[in-house]
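Here's a quick briefing to read alongside the structure. Take a look at the model, then use the notes underneath to find your way around.

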Amino acid sequence: MIRVSDAQLNDLLLKLFENSAEAIFFFDRHGKVIALNHAAELILDAEVLDRMAAGDKEAICLTCKGYTSEQEMQTCMSCYMKNPQQDISSFQVYLDTKGKGVIPYTASYQTIDVENGIRVFMLRDLTKQFKTQEMLNQKMMMKNVIKAQEDERKRISRELHDGVAQEMLSSLVELRVLKYMNVDQEVLQKVQQTEGTLMRLLDDIRHLSVELRPAALDDLGLEAAFRTHFKWIEKNYGLVVHFTSELESKRFEGEVETVVYRICQEAVFNALKYADVDEVNVRLFEENEALQLHVADQGAGFDLNIVQPKGTGLGLYGMRERAELAEGQLTIASAPGKGTRIQLEIPLRKGGALVEDHNRG
Amino acid sequence: MRKHDRFDFQEKIEQIKEDFGFDFVGVALVQSAERRFELRWTYAIGNRSERYRRIVLQSGKGIAGHVFKSGKPFLVDNTEKVLGSRDLFNYPIIDVEGLKSFGAIPLYQSNRVQGVLLVGYRSVGELSAEAFAQFRRVIETQIGPYTSGERIES
């Protein structure tokens, strides 16, 4: 143990009392405030201070909005002040502070002088930590929501693909058998028409399944999933996507693949909706130990600083959110008339390129 | 070879465009079995983009898809008001060709919808309900192997 002289210790304690960001109150046996530091004065109203100075035992109650017990967020039940036998080393208390409103503090209330019944009440501002906690919670929540959505989509998509579409296909085959049976022309024509309807319906179901979540993404990886998706885009909207991939069918972590797929999907959709172009370029490659995705068009472009977005404005936000999930970096470059360029960079964990968790969940 | 291959659709839609002064006329037809009975834009006139050629229509989706599925004519006199500008990308032909008022009618063959005829203008309100009704009365006759209304007999 490091030894210092009593004088030095006195000096240090005094400095701690004066300069600490923590509010410190000293109470006597009767609950009267005998001393408080500068930080404590800062958070209290002038009226409360006056009443404390006058020796009002209830003064602290004007500012205290209750502490957090197991039962309630803010309560006065079995108040920490009224229970002198008990030392509470750490609890949460809400104070109505000067200028900042009701904010949470972490507090300790303990006896430091048994003989004279002197107790110290110390408060530490929790707002910052609370914000950090909240951000963390929000991120975790977002991550879970996105994961839940992907899992549910995967489930329904598989059901449609393996169940409904399969059944449909077998009935289509059965119908085709009719054509080789001895039926007259009129029936044959009707059968052919029904076959056409069924085939279109089958296509619709397959589209629906792929739209929800492409099985190719889990089974074959990004490149295959993209090729199917872009073909679908061309068939549905007439937009041509020039896709170049330099990955050679390499697989990545399930989450990374999902993030890249969804961001690219959104970027291409944005080009389709707003860029007023007939073609879009997509490039997928690996560089600087990161997976890189570039989506570029030569279309209308937009002002990045514009307050009122065309559309909901949620798309770009969602893309950033997803990028963050995989610790990726999303860069958007655009200007009116100059086209739009979206770049996504996701760092790859060294040696962890081949991960076999594509079918989890 | 199917019947409609012999009929000169291109000439027919050019004539329709001429007669009514439309900005755009297009015909979507069910393709042959070899092309998986896909519904595609087969003929167009007045188009400002080639995008229509790549599109495979889905039954029940888009304007032609809707007409194809329901078998009923469809008129929109103000694209933005009726379809909304936000979801316009779901109607690729309307969006790409910039049609502001348009109408679509089903083409029947043996009592089944086998195609869709789309006519439209690039200005709002030009195809009014009266104009569309007038157009349908004139066109009510046969269009090649197709009829524009449902036949009860046959």
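What follows covers the contact between the chains, one helix of chain A, and the make-up of chain B.

Keep in mind that this is a predicted model. It has a contact between chain A and chain B, with 15 residues coming from chain A and 17 residues from chain B.

**Where the chains meet**

- On the chain A side, three elements each put in two or more residues: α6 (185-212), α8 (222-237) and α9 (254-275).
- The top contributor there is α6(A), which supplies six residues to the side that touches chain B.
- As for chemistry, that side of chain A has six charged and six polar residues, plus three nonpolar ones.

**Helix α1 of chain A**

- α1(A) covers residues 6-19, so to speak a run of 14 residues.
- From first C-alpha to last, α1(A) reaches 20 Å, close to the 20 Å you'd expect at 1.5 Å a residue.
- There's hardly any cover over α1(A): of its 14 residues, the count that are buried is zero.

**Chain B at a glance**

- Chain B is built with eight strands and six helices.
- Walk along the sequence of chain B and the order reads α-α-β-β-β-α-β-α-α-β-β-α-β-β.
- Chain B has 154 residues, and 37% of them are buried.
- Take the contacts in chain B with a separation of 6 or more: 56% of them link residues 24 or more positions apart.

Technical notes: Residues are numbered from 1 along each chain as its sequence is written. Chains are lettered from A and ligands numbered from 1 in the order in which they are written. This is a predicted model: local features need pLDDT of at least 70, side-chain atom pairs count only at pLDDT 80 or more; totals for chains, interfaces and linings use all residues. Two residues are in contact if their C-beta atoms, placed from the backbone, lie within 7 Å. Helices (H or I, at least four residues) and strands (E, at least two) are DSSP runs, numbered from the N terminus. Ala, Val, Leu, Ile, Met, Phe, Trp, Tyr, Cys and Pro count as nonpolar, Asp, Glu, Lys and Arg as charged, and the others, Gly among them, as polar. The expected span of a helix is 1.5 Å times one less than its number of residues. A residue is buried if 20 or more other C-beta atoms lie within 10 Å of its own, exposed if 12 or fewer, and partly exposed in between; C-beta atoms are placed from the backbone.
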